[in-house]
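Good morning, and thank you for coming. I shall present one protein chain today, going from the overall fold to single residues. Please keep the sequence and the structure in view as I speak.

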Amino acid sequence: MSTTLPIPIRFDVPQGWRAAPPDEVGAPGAAFVAVHLPSDAGFTANITVDGEYRPDPATLPEIADESVEVMGRSVATVMVTDRRETGSADAPGLTQTLAFSVVTGRRCHDLVQSQAYFSMLDVDDPHRRVVVRLMFTSTASQHPVLLDDFQNLVRSVRPGEGATP
């Protein structure tokens with residue numbers, strides 16, 4: 001079942017991407033999914049957005065490590081190929097890139113996933129921290145072609161009002 005984010009955000013979906021129902025595209029824990037067609041060798045590039053309250057003191061690098069650990073439970077190997085802390089003390093962020101392979105049907109896909117993490121304070125209760133995660137997953141060959149779209153989406157993230165996109 002798709003979820004909603006703990007706090008509303010807004011962002012601009014790049015041209016060429018279309019929103020898709022999270023439950024229908026195999027991302028039931030996501031609040032938002034966009035896909036880019038056509039597929040590459042049977043894999044459809046996608047952007048997903050999720051987030052949760054994080055009342056614990058975990059840092060963004062620790063939270064990113066958790067994502068790698070979770071992914072490592074479902075794929076044979078996952079490698080962090082890049083990680084950078086971004087933002088400021090008031091608005092911290094982190095990006096990381098993962099490389100991994102999955103088998104769907106009888107095909108093996110070499111995939112790359114770029115992740116961006118933002119730590120945001122709940123405007124109604126500034127003592128409540130929310131971590132929002134945006135993920136762009138594509139085949140290794142599509143990644144350099146579509147990465148700018150993801151980066152533009154990440155740059156457009158801002159607090160919103162009401163429901164998330």
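**A walk through the fold**

Let me begin with one pair of residues: Leu121 has Arg129, in strand S8, as its bridge partner. Before I say more about that strand, please note that what you see is a predicted model.

I turn to the chain as a whole. It contains 2 helices and 9 strands. Read from the N terminus, the order of the elements is β-β-β-β-α-β-β-β-β-α-β. Along the principal axes, the C-alpha atoms occupy a box of roughly 50 × 30 × 30 Å. What radius of gyration does the chain have? The value is 15 Å, and this agrees with a compact globule of 165 residues, for which one would expect a value near 15 Å. Of the 165 residues, 44% are buried. Contacts in the chain can also be sorted by sequence separation. Among those with a separation of 6 or more, 53% join residues that lie 24 or more positions apart.

We may now return to strand S8. How many of the residues of S8 are buried? The count is 11 of 11, so far as burial is concerned. Two strands pair with S8. Strand S7 does so in the antiparallel sense, over 11 bridges, and the pair I opened with, Leu121 and Arg129, belongs here as a bridge to S8. Strand S4 also pairs with S8 in the antiparallel sense, over 8 bridges. Met135 in S8 stands opposite Thr48. As a general point for those new to the subject, side chains in a regular strand alternate between the two faces of the sheet.

Within S8, I should like to single out Ser138. Is Ser138 buried or exposed? Ser138 is buried, because its relative accessible area is 0%, and the cut-off for burial is under 20%. Setting aside neighbours within four places in sequence, Ser138 touches Phe43, Ala45, Asp110, Leu111, Val112 and His143. With His143 there is a further detail: the side chain of Ser138 reaches the backbone nitrogen of His143 at 3.3 Å.

His143 leads us to helix H2, which covers residues 143-155. H2 has 13 residues and spans 18 Å from its first C-alpha to its last, close to the 18 Å expected. Which residues of H2 are buried? They are His143, Leu146, Asp149, Phe150, Leu153 and Val154. These residues cover an arc of only 140 degrees around the axis, and therefore lie on the same side of H2. The general reason is that an α-helix has 3.6 residues a turn, so residues three or four places apart point the same way. On the other side of H2, Pro144, Val145 and Arg155 are exposed. The buried residues of H2 pack against several strands, namely S2, S3, S4, S7 and S8.

The other helix, H1, can be read in a similar manner. H1 runs over residues 60-72 and reaches 18 Å from its first C-alpha to its last. Its buried residues are Leu60, Ile63, Ala64, Ser67, Val68 and Met71. Viewed down the axis of H1, they fall within an arc of 150 degrees, so they line one face of the helix. The elements that cover them include S5, S6, S7 and S8.

I shall close with three places around strand S3. The loop between S2 and S3 holds Ala27. Ala27 counts as buried because its relative accessibility is 15%. Neighbours within four places aside, Ala27 is in contact with Pro22, Val33 and Thr48. By contrast, the C-alpha atoms of Ala27 and Val131 are separated by 18 Å, with the two residues 104 residues apart along the chain.

Next comes Pro38, which is found in strand S3. The peptide bond that joins Leu37 and Pro38 is cis, with omega about 5 degrees. Finally, Ala41 sits in the loop between S3 and S4. Its phi is near 55 degrees, a positive value in a residue other than glycine. In general, most residues other than glycine have a negative phi, and most peptide bonds are trans. Ala41 is partly exposed, because its relative accessible area is 42%.

Technical notes:
Residues numbered from 1 in each chain as written. Predicted model: local features only at pLDDT ≥ 70, side-chain atom pairs only at ≥ 80, totals over all residues. Heavy atoms only, no water. Helix = DSSP H or I, 4+ residues; strand = E, 2+ residues; numbered from the N terminus. Expected span 1.5 Å × (residues − 1). Buried < 20%, exposed > 50% of the residue type's maximum accessible area, 1.4 Å probe, protein only. Arc of directions from axis to C-beta. Contact = heavy atoms within 4.5 Å. Polar contact = N/O pair within 3.5 Å; in protein donor to acceptor, adjacent residues only side chain to side chain. Pairing = 2+ DSSP bridges. Rg over C-alpha atoms; globule rule 2.2 N^0.38 Å.
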